[in-house]
Structure formats: structure tokens, C-alpha cells
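Subject: Structure handover

Hello,

Here is the structure for you to look at. My notes on helix packing and a few residues follow below it.

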Amino acid sequence: KYIDDLYAIFKEEKQWEVRVAITKGMSNFDSILIKDKLLYMIKDEQWWVRFNAAKVISLMGEEGIYTLIDLSIDKSDENVSALAYYFLNSNKDIYETVKDIEG
């Protein structure tokens with residue numbers, strides 16, 4: 001229930017600082033329930049919103065890593081692609097997991 005309420009507020013909110021707070025708050029919910037919402041949030045016009053969406057995605061375990069990989073190779077939005085690539089390479093644990101996945 002709260003996820004949908006927060007998401008509705010996010011979509012209508014004009015203040016980017018509030019959108020950042022909502023995006024950060026998504027980390028408190030089950031990743032299965034928030035993934036689609038984060039994929040919307042990561043395309044926000046404001047860099048801090050995008051950054052925090054990528055950060056929350058990176059905390060979603062293996063599902064998050066696969067999501068970041070998909071985002072990094074999708075060149076339809078260079079900002080999102082570069083940010084996803086950054087998160088894949090900046091966190092040692094994620095970097096090692098990606099190396100293991102690549103085999």
C-alpha cells in the first residue's frame with residue numbers, strides 16, 4: 001500500500017529534494033515490489049534522483065546487479081547507462097559478483 005502511495009507522490013512532486021527522499025525510502029521495501037518504480041525513477045531529470053535510484057537498485061542483490069547490467073548496455077539514455085556502469089564498477093562487492101557472473 002505505501003509503495004503505491006509514495007510512487008504516486010513521486011510522480012506528482014515538483015521538488016527534486018522530495019523525489020530524492022522518496023527514492024531513498026524505496027530501499028525499505030521488497031525489491032520485487034519496487035523494481036519497476038525504480039526503473040521509472042532512474043530516468044528522472046534530476047541527477048540526484050537518478051543517482052539514488054541506481055544506489056537502491058545496487059542494494060537489491062543479484063536482481064539489482066542484473067538490472068544495472070541491463071541499464072548499462074541500454075544506450076537509449078546515456079545518463080542512465082553511464083550511471084549504471086558507474087555503480088557496477090565502483091562497488092567492489094558488485095564488481096566481484098559481476099566478474100563471477102561473467103565466468
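First, a term. A crossing is right-handed if the near helix is turned clockwise from the far one by less than a right angle, and left-handed if anticlockwise. Please also keep in mind that this is a predicted model.

**Helix 4 against helix 6**

By that definition, helix 4 passes helix 6 in a right-handed crossing. On the helix 4 side, the contact is made by Trp47, Arg50, Phe51, Ala54, Lys55 and Ser58. On the helix 6 side, Asn79, Val80, Leu83, Tyr86 and Phe87 make it. The axes are 10 Å apart, and the packing angle is about 45°. That angle makes helix 4 oblique to helix 6. Helix 6 covers residues 78-90.

**Helix 4 itself**

Helix 4 runs over residues 47-58, which is twelve residues. From first C-alpha to last it reaches 16 Å, close to the 16 Å expected at 1.5 Å a residue. Gln46 caps its N-terminal end. A side-chain oxygen of Gln46 lies 3.3 Å from the backbone nitrogen of Trp48.

The helix is mostly covered, with nine of its twelve residues buried. The buried ones are Val49, Arg50, Phe51, Asn52, Ala53, Ala54, Val56, Ile57 and Ser58.

Two of these deserve a closer look.

- Asn52 has 5% relative accessibility, so it counts as buried; the cut-off is under 20%. Leaving out residues up to four places away in sequence, Asn52 touches Val20, Thr23 and Lys24.
- Ser58 has 13% relative accessibility, so it also counts as buried. A polar atom of the Ser58 side chain lies 2.6 Å from the backbone oxygen of Lys55.

**Helix 1 and its two partners**

Helix 1 (residues 2-12) packs with helix 2 (residues 16-25) at an angle of about 155°. Their axes are 9 Å apart. That makes helix 1 roughly antiparallel to helix 2, because angles over 145 degrees count as such. Helix 1 passes helix 2 in a left-handed crossing. Leu6, Ile9 and Phe10 of helix 1 make the contact with Arg19, Ile22 and Thr23 of helix 2.

How do helix 1 and helix 3 lie, parallel or antiparallel to each other? Their axes cross at roughly 5° and come within 11 Å. The two are therefore roughly parallel. From helix 1, the residues that meet helix 3 are Ile3, Asp4, Tyr7, Phe10 and Lys11. Their counterparts in helix 3 are Leu33, Ile34, Lys37, Tyr40 and Met41.

**Met41**

Met41 sits in helix 3 (residues 31-41). Is Met41 buried or exposed? Its relative accessibility is 0%, so Met41 counts as buried. Setting aside neighbours within four places in sequence, Met41 is in contact with Tyr7, Phe10, Ile22, Thr23, Met26, Val49, Arg50 and Ala53. Among them, Tyr7 and Phe10 also belong to the helix 1 residues that meet helix 3. Ile22 and Thr23 are part of the helix 2 contact with helix 1. Val49, Arg50 and Ala53 are on the buried list for helix 4.

For a longer reference distance, take Met41 and Asp70. They are 29 residues apart along the chain, and their C-alpha atoms are separated by 16 Å.

Best wishes

Technical notes
Residues are numbered from 1 along each chain as its sequence is written. This is a predicted model: local features need pLDDT of at least 70, side-chain atom pairs count only at pLDDT 80 or more; totals for chains, interfaces and linings use all residues. Side-chain values use heavy atoms; hydrogens and water are left out. Helices (H or I, at least four residues) and strands (E, at least two) are DSSP runs, numbered from the N terminus. The expected span of a helix is 1.5 Å times one less than its number of residues. Buried means under 20% relative accessible area, exposed over 50%, partly exposed in between (1.4 Å probe, protein chains only). A polar contact is a pair of N or O atoms within 3.5 Å; within protein, one must be able to donate a hydrogen and the other to accept it, and residues adjacent in sequence count only if both atoms are side-chain atoms. Axes are lines fitted to C-alpha atoms, for helices over the stretch in contact, and angles run from 0 to 180 degrees between N-to-C directions. Angles under 35 degrees count as roughly parallel, over 145 as roughly antiparallel, 65 to 115 as roughly perpendicular and the rest as oblique. Contact means heavy atoms within 4.5 Å.
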